Amino acid sequence: MRARDAAGLLLDAKGIVFKLKAAAVLSVVMVFCLLLLGLVAAMGGDASAVGCGDRGRPGVDPGGDEGGGGAQRPGEGMRKAQIANAEIIDTVAKEGGLSGRATLIALMTALQESTLLNLDYGDRDSVGLFQQRPVAGWGTKEQIMQPKYAAKMFFWGGDDGDPPGLTDIRSWESMKYGAAAQAVQRSAYPDLYDQHEDYARELAGEAKIDLNRRGTNGSPPGDGESDKPRDKGCQDGGKPGEPGDPFHDGAAGWPPEVKNPRSTKEAIAAAREEARSGPKKWYQMCLAFTSVAYGWSSSGVPYAIDHYREMPTSMKHDKDRNPPPGALMYWDTGQRAGHVAVYLGNGEIASNDIRRPGYIDVVPATEIESKWGATYLGWAPPYFPKGG
């Protein structure tokens, strides 16, 4: 081997060794930096890192007793912000005459949705303490970003009951905390609200919030129902039940204003016959089908959910799972139209699209919840004031 070649190989080898050593040093530095960043995050100094999960899912892992920061083990700055927001929520509740139970439900909800921080981002267009969505009618982004406004909407909802707030939920004071929160939020993860009860109580204690406070109507938590007009719809002793619970037959008998070309018995027979031998013509035409079953050529209303909203308050039976045969049952599907079906009795409905797109099938009423993930709104008599 020539001397020049040997020297070149030696220099190449030294260069390789130097690169390997440099890479090793760089790796050590990077690991140290990552550890340092983790330590800073654990101290909870930056609230912008929390609450970035999907709506209805924890934004931050609470962590164990030995762990660092998180939704329920925050740094001092984040903790102060949580307490300040808790005080605002409770002030709104007290000003409206609501009980401490309402405050607790709201705190648990906000901890789940935003870690009780006034976030200006979220899943899709969700923002604020309760991750309310402008597109769903909770207000403008600017309004929702005001904690007092957001709390007011959570408790009382829209002026016309849409979207519904906590006090729009029938018997909310006798419901489990998490179930009441879910009734307002309609989250895809309904079981996650209850995990925040202990921490919500801890924050309330620090903020000197009285969670045992009674509402101004004098009813203790669990004994009272909302006195808002829209809650007076159920007059037959039915019970709301929980999503997935079976539907039972309630007492029949429609108000005198309910007059249709077909009787209830005839409409049920027509719906069953359509399911047995009818053609494929009912795709996304649920409201049209119910009106035709009762002998009308059209309902006179474009969407099923509008038909329920326009129903007289005295005819609405919000959340009640004891409809009489022949009643119209309504669901919020998350889409503009919603869904309606004719209740046939024995827990069954005649519904389009649930088994076969475009066809009518007789199915358990619970399938609208279990298969479509829809939210049951309630039932009403077969009232078509605009039918023709």
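### Helix packing and an open sheet in a predicted model

Where helices H2 and H7 come together, Arg79, Gln82 and Ile83 in H2 meet Tyr199, Glu202, Leu203 and Glu206 in H7; contact here means heavy atoms within 4.5 Å. By class, this meeting of H2 with H7 brings in three nonpolar, one polar and three charged residues. For the classes, Ala, Val, Leu, Ile, Met, Phe, Trp, Tyr, Cys and Pro count as nonpolar, Asp, Glu, Lys and Arg as charged, and the others, Gly among them, as polar. H2 covers residues 76-95 and H7 residues 197-206, and the two pack at an angle of about 80° with their axes 9 Å apart. That makes H2 roughly perpendicular to H7. Axes are lines fitted to C-alpha atoms, for helices over the stretch in contact, with angles running from 0 to 180 degrees between N-to-C directions; under 35 degrees counts as roughly parallel, over 145 as roughly antiparallel, 65 to 115 as roughly perpendicular and the rest as oblique.

The model is a predicted one, in which local features need pLDDT of at least 70 and side-chain atom pairs count only at pLDDT 80 or more, while totals for chains, interfaces and linings use all residues. Residues are numbered from 1 along each chain as its sequence is written, and side-chain values use heavy atoms, with hydrogens and water left out.

Now for the chain as a whole. It has 11 helices and six strands, taken as DSSP runs (helices H or I, at least four residues; strands E, at least two) and numbered from the N terminus. Of its 388 residues, 46% count as buried, that is, under 20% relative accessible area, with exposed set at over 50% and partly exposed in between (1.4 Å probe, protein chains only). Among contacts with a separation of 6 or more, 66% come from residues 24 or more positions apart. About 19400 Å² of the chain is exposed, and carbon and sulfur atoms supply 55% of that area, as worked out by the Shrake-Rupley method with a 1.4 Å probe, where for residues only the protein chains shown count as cover.

Back among the helices, H6 (residues 177-185) holds Gly178. Nine of the nine residues of H6 are buried, so this helix is largely enclosed by the rest of the structure. Those buried residues pack against H3, helix H5 (147-156) and H7. Gly178 itself is buried at 1% relative accessibility, and, leaving aside residues up to four places away in sequence, touches Met108, Pro190, Tyr193 and Asp194. Its C-alpha atom is 7.9 Å from that of Thr109, although the two residues sit 69 residues apart along the chain. Just after H6 comes Arg186, with a positive phi near 55°.

The strands form an open sheet of six, in the order S1-S6-S2-S3-S4-S5, with antiparallel pairing; two strands pair if DSSP finds at least two bridges between them. Strands S1 (317-318) and S5 (360-364) stand at the edges with a single partner strand each, so one side of each is left without a neighbour in the sheet. S2 is mostly covered, with five of its five residues buried. Leu328, Tyr330 and Asp332 point one way from S2, whereas Met329 and Trp331 point the other way. S2 runs antiparallel to S3, joined by four bridges, and Met329 has Ala341 in S3 as its bridge partner. Five bridges tie S2 to S6 (residues 375-380), again antiparallel, with Asp332 opposite Thr375. The hairpin of S2 and S3 has six residues between the strands, and Gly334 in it takes a positive phi near 85°. Further along the sheet, S4 (residues 348-352) and S5 are antiparallel and share five bridges, and Ala350 stands opposite Val362 in S5.

Two helices lie across these strands. H8 (residues 264-277) crosses S3 (339-345), S4 and S5, running at about 110° to S5. H9 (residues 286-293) lies across S2 (328-332), S3, S4 and S5, at about 40° to S3.

A couple of backbone angles round things off. Most residues other than glycine have a negative phi. Arg124, however, has a positive phi of about 55°. Arg124 lies in the loop between H3 (100-114) and H4 (141-144) and is exposed, at a relative accessible area of 63%. Lys319 likewise has a positive phi, near 70°, and is found in the loop between S1 and S2.
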